[in-house]
Amino acid sequence: MISEFVYAQPVKIFFGQGEFKKLGAVLEEFGVTRAVLCCGRHFAPEAEKLMAEDRRIVAAFSRVEQNPQLSGIEETTRLCREKGADGVIGIGGGSSLDTAKFAAAVAPNEGDALDYYEGRRALVKERRLPVIAVPTTAGTGSEVTQVSVVSHGTEKKTINNPAFMPAAAIVDPVLTLGVPPRTTMNTGLDAMAHALEGYWSKNHQPIPDLMAVEAVRLILENLEKTWRDGSDLEARTNMSRAALLGGLSFALPKTAASHACSYPLSEDYHLPHGEACAFTLDSLVRINADARLEELCSRVGLSGTEELAERIRALKKLGGLRSRLSDLGKVDLDKLCRDCAVHPLMNNNPVKLDEAALRRMFEALA
Ligand code: NAD
């Protein structure tokens with residue numbers, strides 16, 4: 001039983017259908033007069049329109065890729081410096097938000113992003129540009145975390161630093177209407193992983209726990225609906241709320257084994273982030289099952305952890321997500337177990353999982 005905790009959540013959140021229309025007012029509120037916009041290709045035409053409509057948006061980097069590379073951060077940083085930007089707008093999935101957050105923390109400082117990525121220079125939270133984070137997927141919760149996940153070559157690294165915390169988040173479910181079904185399922189299960197891992201994390205605490213329970217309930221009720229009918233705005237709205245709550249559930253406690261395993265699965269087998277987290281999530285529900293998890297299940301109307309694991313497995317199957325080792329091609333199981341075991345997030349799992357335990361888990365997925 002945890003009796004002492006410190007809870008802080010510094011991001012001002014604007015949530016609701018149509019809230020994106022408030023972007024101009026939010027720029028004003030945060031004193032942004034020269035913003036660089038950062039997004040992926042799907043939003044590039046909209047970015048052009050926004051720049052034409054609002055002269056405070058002075059440049060856009062609109063080529064963020066999935067599992068964003070450091071080179072995109074370098075490019076956004078360069079634009080910020082060149083244009084004398086005093087704010088960054090990140091619009092897109094976690095890849096775009098993480099790129100915006102990293103560039104905003106580097107731009108007003110000496111050196112380039114690689115210096116900070118490799119730890120030669122230290123980020124300072126007092127010296128960063130304000131970020132307005134606008135998610136267009138319902139998954140990562142990056143709009144409320146101080147995490148940026150970035151790849152450099154084949155290495156994918158999570159950097160956790162207060163300098164990455166956005167100033168504001170505009171969560172408008174209307175922006176998620178165009179997400180294709182497979183990405184809808186991947187990102188929705190990423191949100192499920194955030195809620196469950198925040199909840200069972202060794203560092204869990206009461207306020208995020210409440211949000212985790214609500215996120216799991218919303219995902220169980222709405223993810224399949226958004227996968228079947230992407231235009232269902234009510235279900236999309238509930239999933240955006242779930243993803244936001246999922247982000248808040250893990251922002252302080254941090255994630256655990258499913259995220260630890262997701263890194264080798266993304267790096268070596270090229271699974272998108274949500275699919276990589278979901279790969280082990282139902283197995284970990286069974287491994288981490290305890291009285292607290294049973295309580296979560298009863299609060300979301302499930303008979304117990306076995307039903308929760310089955311519901312996750314069924315969602316993966318419905319979405320066509322890879323879920324067996326044989327789906328990954330030729331697997332180096334020794335390396336996979338070794339890499340998962342040494343990931344720092346593995347220490348946050350409530351049940352200790354060494355290489356042998358991980359091997360048993362993966363072999364059951366053969
Ligand atoms: P993503 O940002 O990589 O986007 C996936 C694809 O969907 C891209 O092709 C993108 O262009 C497209 N897309 C996004 N929104 C769309 C829309 N509305 N309509 C049509 N297409 C759209 O995917 P993601 O799952 O949101 O983010 C994954 C990244 O976020 C990974 O790098 C992951 O490691 C990271 N992540 C970060 C945090 C954090 O706290 N910072 C948390 C979890 C994951």
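Here is a short chat about the salt bridges, cavities and a few residues of a predicted model.

Trainee: What should I know before I start?

Mentor: This is a predicted model, where local features need pLDDT of at least 70, side-chain atom pairs count only at pLDDT 80 or more, and totals for chains, interfaces and linings use all residues. Residues are numbered from 1 along each chain as its sequence is written, and side-chain values use heavy atoms, with hydrogens and water left out.

Trainee: How many salt bridges does a search of the whole structure find?

Mentor: The search finds 28. A salt bridge here is a side-chain nitrogen of Lys or Arg within 4 Å of a carboxyl oxygen of Asp or Glu.

Trainee: Why would side chains pair like that?

Mentor: Side chains of opposite charge can pair when their charged atoms come close.

Trainee: Okay, which residue does R292 pair with?

Mentor: R292 pairs with D209, and their closest N and O atoms are 2.9 Å apart. R292 sits in helix α11 (residues 291-299) and D209 in helix α7 (residues 206-228), so the salt bridge ties together parts 83 residues apart in sequence. Helices (H or I, at least four residues) and strands (E, at least two) are DSSP runs, numbered from the N terminus.

Trainee: Is D209 buried or exposed?

Mentor: D209 counts as buried, at 13% relative accessibility. R292 has 25%, so R292 counts as partly exposed. The cut-offs are under 20% relative accessible area for buried, over 50% for exposed, and partly exposed in between (1.4 Å probe, protein chains only).

Trainee: What about R228, what does that one bridge to?

Mentor: R228 bridges to E224, again with closest N and O atoms 2.9 Å apart. These two are four residues apart in helix α7, so about one helical turn separates R228 and E224. R228 counts as exposed at 55% relative accessibility, and E224 as partly exposed at 33%.

Trainee: And where are K335 and D339?

Mentor: Both are in helix α13 (residues 333-342), four residues apart, or about one turn of the helix. Salt bridges that share partners also join D115, E118, R120 and R121 into one network. Back at K335 and D339, their side chains meet in a salt bridge of 2.7 Å, N to O.

Trainee: New topic: how many cavities are there of 30 Å³ or more?

Mentor: Two. On a 1 Å grid over the protein atoms alone, a cavity is a set of points where a 1.4 Å probe fits but cannot get out, and lining residues have an atom within 4 Å of a point. Grid points are joined across faces, edges and corners, and a volume is the space filled by probe spheres set on the points.

Trainee: What is the volume of the largest cavity, and what lines it?

Mentor: The largest cavity has a volume of about 80 Å³. Its lining has 17 residues, with P135, T137, A138, E143 and A243 nearest the centre. Helices α4 (94-106) and α8 (233-251) each supply at least two residues of that lining.

Trainee: Which residues line the second largest cavity?

Mentor: That lining is T137, A138, T176, V179, T184, T187, L223, T226, R236 and M239. Two or more of the lining residues come from each of α6 (181-200), α7 and α8. The volume of the second largest cavity is about 50 Å³.

Trainee: Now V285: where does it lie?

Mentor: V285 is in helix α10 (residues 273-287), and V285 is buried, with a relative accessible area of 0%. Leaving out residues up to four places away in sequence, V285 touches L196, W200, L293, T305, L308, A309 and I312. A contact means heavy atoms within 4.5 Å.

Trainee: And what does N238 touch?

Mentor: N238 touches L218 and N222, with residues up to four places away in sequence not counted. N238 is in helix α8 and counts as buried at 15% relative accessibility.

Trainee: Last one: which residues of α3 are buried?

Mentor: In α3, L70, G72, I73, T76, T77, L79 and C80 are buried. They pack against β2 (35-40), β3 (57-64), β4 (87-92), α4, α5 (113-117) and β6 (147-152). Just after α3, G84 takes a positive phi of about 60°.

Definitions and conventions:
On a 1 Å grid over the protein atoms alone, a cavity is a set of points where a 1.4 Å probe fits but cannot get out, and a pocket is an open set with protein on both sides within 12 Å along at least five of seven lines; lining residues have an atom within 4 Å of a point.
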